[in-house]
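These are my notebook entries on a structure I looked up. I record the ligand site, the cysteines and the internal cavities in turn.

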Amino acid sequence: MPITYVPETRTFFLDTENTSLVFGLYDHDYIHSQYWGRRIHHADLSRLLRVCASGFSPNYPGAPDREHSLDLLPTEYPVYGGGDYRSPALQVEFPDGSRLLDLKYKSHAILDGKPALPGLPHLDGADCTLELTLCDEYSGLEAVVCYSLFEKQDVIARSARILNKTGAPLTVTRALSASVDLPRADLEMIGLYGTHIRERQLDRTPLRHGIQSVESRRGASSHQHNPFAALAAKDTTEQAGEVYAATLIYSGNFVISAEVDCFNSTRFQLGINPFDFSWRLEPDEAFVTPEAVLTYTDRGLNRMSQNFHNVFKHHLGHTEIRNKPRPIVINNWEATYFDFDEEKLFGIIDCCKGLGIDTFVLDDGWFGQRNNDCCSLGDWVVNTGKLPRGLDSIIERCEQNGLSFGLWFEPEMVSEDSDLYRAHPDWAIHKEGRPFCTGRSQLVLDLANPAVLEYLKKALSAILGSHRISYVKWDMNRHITDAYSAALPACRQPEIYHRYMLNLYALLDFLNREFPHVTIEGCSGGGGRFDAGMLYYMPQTWTSDDSDAIERLKIQYGTSLVYPPQCMTAHISASPNHQMNRVTPYVTRARVAMSASFGYELNPLHLTDEERAEIRNQTALYKRIAPLVVEGDFYRLISPFEADGCAWMFVSPDRRRAFAIYVQKLSKPAWPQDRLRLQGLDPDARYRIEELDGVFYGDELMYAGLALPRLFDFESVSYTLERLD
Ligand code: DGJ
């Protein structure tokens with residue numbers, strides 16, 4: 001059993017294939033974190049605890065001497081009120097105004113597998129789970145801190161359940177999913193920051209004393225900071241070195257912080273952002289935090305990513321398509337924007353016949369009076385001005401040309417100029433009578449209101465249930481402001497963000513169950529909600545509204561730190577590119593887009609005959625390499641954040657097949673003798689490289705490398721490998 005409790009030393013050992021997490025009970029049954037790192041024997045690690053009195057570190061009630069202070073104790077689920085001045089994981093407020101807590105061990109249970117998290121997306125199929133029940137004896141409040149182990153992936157999922165056993169209502173003001181105390185201050189924090197059309201750029205800075213954090217206060221995980229952070233040793237590279245990393249299976253306001261204290265220990269925490277949050281808990285009710293996913297490795301950042309990828313590929317999401325190649329899509333957004341009618345769409349659809357494309361997705365503009373982005377969100381009925389014969393004629397045309405049909409929605413939004421808003425102004429998030437913000441001329445529907453949830457279930461089912469739709473693109477084009485719900489009482493207003501999320505998850509869960517054959521692609525102005533919470537219901541996300549292949553190198557590279565490549569949608573778009581005005585070779589655009597869930601975002605009628613013919617080769621190649629994108633191990637080879645080029649590769653789990661690309665950003669004047677060293681191959685095997693029509697040893701390719709050809713701006717090469725023996 002990977003979870004062991006040793007009663008003699010009162011120590012818990014949580015072992016995965018390559019890591020150990022160890023904590024024990026200390027003095028008055030406080031939890032003492034002892035170790036997280038490379039797998040070790042079950043030694044007595046309580047010997048590691050420094051015991052020396054420190055001025056201004058208070059002694060808790062009943063402490064045996066001045067050396068015993070929670071301020072000095074590394075712990076697993078810290079609270080406020082007992083002399084630990086670092087950031088707590090839990091804060092509450094009792095009816096008498098007291099906010100004091102003192103959590104001690106009460107009991108524990110070791111379970112096979114893993115209980116579901118009610119109403120929240122979560123990993124499934126863990127090997128086993130430890131539930132540690134902590135209790136505040138004075139009030140009766142309990143916190144059940146859960147650890148689920150995924151042995152093979154070296155991943156531990158953590159969440160907490162706050163149980164109000166106090167007999168009176170209380171308010172939770174902070175309830176994080178995980179807290180880890182590391183006995184070191186020499187780490188660097190790696191995060192993914194960005195903006196619309198420039199998501200998930202890599203950030204790496206040394207920790208300093210004090211708190212550093214990434215967070216969202218926008219009601220969505222956001223373009224600005226992704227819910228992920230890694231703490232890496234200074235010398236950690238892609239291929240070697242220590243890294244502790246965490247991400248959250250949640251799509252709303254989050255915080256991830258690292259607090260380096262005066263004793264040089266680092267508290268690493270993550271969970272729902274306490275900013276503008278509280279939750280009233282009636283007697284006997286429970287508050288369940290979202291799930292945090294933690295991994296440690298001493299084999300570098302690429303291994304960290306593979307741990308996340310493997311656990312998400314095999315244990316996240318209940319959709320049928322989780323581990324299958326995705327359809328090759330053509331989307332009409334950059335081809336037409338709002339300017340389309342039936343005839344124009346027919347032209348595009350007809351032109352796709354025989355090209356190997358699987359699905360035509362009709363983007364924004366098909367409903368209400370929607371001819372621009374100022375109206376009609378919420379009115380999910382066909383825009384008969386543009387499509388007089390409804391969606392059916394488009395669907396039939398797709399089917400005649402061998403395509404399935406997909407449709408764009410932005411369900412969480414409402415335009416002021418819409419029938420829905422005119423009928424239910426109180427369904428939008430804002431405060432009646434007070435001027436409010438708009439974003440892209442729209443408001444956010446108040447999903448904290450159950451009536452809105454019911455409306456959306458009906459409106460979406462009406463369309464999905466009456467048409468042959470196999471794919472939905474689910475967009476979300478602004479963040480929450482004016483956070484006020486007309487449906488909530490005053491004391492519950494700070495619950496709005498989390499209630500919104502819970503009902504959004506309920507809506508997606510409903511649709512996944514009602515329409516299991518429909519693949520939902522997430523989108524939020526591109527990659528503004530690229531998080532594991534969304535991926536649970538929507539197995540892929542439009543990675544960015546920047547479809548330029550060169551910009552996408554950084555965006556896709558950054559995204560791959562946490563998320564498997566098949567979760568990213570990437571399309572070949574027109575050249576010059578609409579966002580960057582950059583001209584890039586068609587084949588480079590194809591190679592970058594094929595490194596993900598692939599498709600087209602252009603008007604095929606505008607392509608030359610050769611380019612159209614080339615689509616046939618691209619789709620045929622993609623169908624060959626798609627299993628690698630889905631099941632393969634992903635290796636980042638050259639970082640576009642550090643070099644003039646970018647390279648990555650996929651290797652099949654049996655190491656028989658591989659696909660690698662190298663893309664030149666700006667070319668160099670004096671041609672250096674650059675080599676590309678591959679990874680993940682069998683060193684003793686021989687591989688045929690299709691593009692070079694040559695045979696190479698695995699060790700040769702990994703250690704000596706391939707000589708890169710001379711490449712000019714934005715040119716690229718690909719290597720398709722097949723093992724010979
Ligand atoms: C933003 C998305 O990211 C685009 O792909 C497109 O769907 C537009 N919204 C439509 O309004």
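**Entry 1: ligand site.** I began with the side chain of W408, one of whose polar atoms lies 3.1 Å from an oxygen atom of the ligand. I note here that the model is predicted. I then turned to W542, where an N or O atom of the side chain is 3.5 Å from an oxygen atom of the ligand. At G526 I found that the backbone supplies the polar atom, at 2.9 Å from a ligand oxygen. For the ligand taken alone I recorded an exposed area of 290 Å², of which the protein buries 98%.

I next listed the shell. There are 13 residues around the ligand, and those that come nearest are D363, D364, K473, D475 and D545. How does the shell divide into nonpolar, polar and charged residues? I entered four as nonpolar, three as polar and six as charged.

**Entry 2: cysteines.** How many disulfides does the structure hold? I found zero. I looked up C128 as one case: this residue is in no disulfide, and the nearest cysteine sulfur belongs to C146, 13 Å away. A disulfide requires two cysteine sulfur atoms within 2.5 Å, and the 13 Å from C128 to the sulfur of C146 does not meet that limit. I also checked the accessibility of C128. Its relative accessible area is 0%, so I class C128 as buried, the cut-off being under 20%.

I took C398 as a further case. C398 is likewise in no disulfide, with the sulfur of C352 as the nearest cysteine sulfur at 8.3 Å. The relative accessibility of C398 is 0%, and I therefore entered C398 as buried.

**Entry 3: cavities.** I then searched for enclosed space in the protein. The count comes to 11 cavities of 30 Å³ or more. In the largest cavity I noted about 140 Å³ of space.

Which residues line the largest cavity? I wrote down Y30, I31, L70, L73, T75, Y77, P78, V79, D84, D102, L103 and L134. By class, I recorded nine residues of this lining as nonpolar, one as polar and two as charged.

**Entry 4: summary.** For the ligand, I retain the figure of 98% of its area buried by the protein. For the cysteines, I retain zero disulfides. For the largest cavity, I retain a lining with nine nonpolar residues.

Note on methods:
Residues numbered from 1 in each chain as written. Predicted model: local features only at pLDDT ≥ 70, side-chain atom pairs only at ≥ 80, totals over all residues. Heavy atoms only, no water. Near = heavy atom within 4 Å. Polar contact = N/O pair within 3.5 Å; in protein donor to acceptor, adjacent residues only side chain to side chain. Areas by Shrake-Rupley, 256 points an atom, 1.4 Å probe, with all protein chains shown as cover. Nonpolar A, V, L, I, M, F, W, Y, C, P; charged D, E, K, R; others polar. Buried < 20%, exposed > 50% of the residue type's maximum accessible area, 1.4 Å probe, protein only. 1 Å grid on protein atoms, 1.4 Å probe; cavity = no way out; pocket = protein on both sides within 12 Å on 5 of 7 lines; lining within 4 Å. Points joined across faces, edges and corners; volume = space filled by probe spheres on them.
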